[in-house]
Amino acid sequence: MKVITLNDEVAIGQAIGDRFCTLVQENPAAVLGLATGASPLPTYCRMIARFHAGEVSFAKVHTFNLDEYCDLPATHPQSYRSFMQAQLFSQLNIDLQNTHFLDGNAADEVAECLRFDALIEQLGGVDLQLLGIGRNGHIGFNEPADAFTLGSFKVQLAPSTLEANSMYFVDERMPTHAMTMGVGAILRAKEIVLVATGAAKAEAVKAMIQGKITPQLPASALQNHPNVTVYLDPAAASLLQ
Ligand code: PGA
């Protein structure tokens, strides 16, 4: 794992946004693995700025999002499809037909997960995967568990995740389940960039980088991947030796 500490989230967003843009300039039909939450926002700002500067076109890319809530309509403002539409897709020349999500409302969850995983493979796999990390070490919605999961699956959200994300559901009940790419599927990406900022992530970051590989800290599995770059701010890096 390569670890890079930069001054703040803006500098991190510039570095990762530039990596995405370089990839797409080299391979206009690249397959991008995208994430939601606060961590990716500066990256998306950088991609949008460079698109508006005429430096890169996203017309041919495909995107796969890591996860989606269950029992929330895709049109709900807090669905991850809505998030991506608002924060990225609506501001790029991306073809919405090429933006792929797990359907958290699918009647047959197993078939939906198989469809999603097969589509990733059919398109040649994810070229560059963006990740955040939860305070409990989750990636996507792979919560601490007894075993790593390979393919996509439906998961019950951990209490710390419900607490962290409850701020987005002020007057309504937050979904308790989600569908997520499995750790095995995430590790199949050719290149991975992970961003963590703030002191609340410092314990998880230390365990991910310097702890043992365990499904109790799902991000620790990234130690097994040959091309991972972790971008930290000083607070998130503060417990590293
Ligand atoms: P955050 O979430 O970027 O909103 O902190 C990251 C995560 O839970 O994976």
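How do the residues of the shell around the ligand divide into nonpolar, polar and charged? Keep that in mind as you look through these views of a predicted model.

**View 1. Here's the shell around the ligand.** Eight names to find here: Gly37, Ala38, Ser39, Gly132, Ile133, Gly134, His138 and Lys201 surround the ligand. As for the opening question, the shell splits into 2 nonpolar, 5 polar and 1 charged.

**View 2. Now zoom in on the ligand's oxygen atoms.** Start with serine 39: an N or O atom in its side chain is 2.5 Å from an oxygen atom of the ligand. Then look for lysine 201, where a polar side-chain atom lies 2.6 Å from a ligand oxygen. Alanine 38 joins in with its backbone instead, placing an N or O atom 2.9 Å from an oxygen atom of the ligand. And how much of the ligand does the protein cover? On its own, the ligand has 280 Å² of accessible area, and 78% of that is covered by the protein.

**View 3. Step back to the pocket that holds the ligand.** The ligand sits in the largest pocket of the model, and this pocket has a volume of about 720 Å³. Its lining is made up of 37 residues, and those nearest the pocket's centre are Thr36, Gly37, Ala38, Asn165 and Lys201. Sorted by type, the lining comes to 18 nonpolar, 15 polar and 4 charged residues.

**View 4. Last up, the helices and the strand behind that lining.** Which element gives the most to the lining of the largest pocket? That's H5, with 4 residues; this helix runs over 159–165. Helix H1 (9–26), helix H2 (41–52) and helix H3 (80–87) are also among the elements that each supply at least two lining residues. Strand S4 (67–69) likewise brings at least two to the lining of the largest pocket.

Definitions and conventions:
Residues are numbered from 1 along each chain as its sequence is written. This is a predicted model: local features need pLDDT of at least 70, side-chain atom pairs count only at pLDDT 80 or more; totals for chains, interfaces and linings use all residues. Side-chain values use heavy atoms; hydrogens and water are left out. On a 1 Å grid over the protein atoms alone, a cavity is a set of points where a 1.4 Å probe fits but cannot get out, and a pocket is an open set with protein on both sides within 12 Å along at least five of seven lines; lining residues have an atom within 4 Å of a point. Grid points are joined across faces, edges and corners, and a volume is the space filled by probe spheres set on the points. Ala, Val, Leu, Ile, Met, Phe, Trp, Tyr, Cys and Pro count as nonpolar, Asp, Glu, Lys and Arg as charged, and the others, Gly among them, as polar. A residue is near a molecule or strand if one of its heavy atoms lies within 4 Å of it. A polar contact is a pair of N or O atoms within 3.5 Å; within protein, one must be able to donate a hydrogen and the other to accept it, and residues adjacent in sequence count only if both atoms are side-chain atoms. Accessible areas come from the Shrake-Rupley method with a 1.4 Å probe; for residues, only the protein chains shown count as cover. A molecule sits in a cavity or pocket if more than half of its atoms lie within 2 Å of its grid points.
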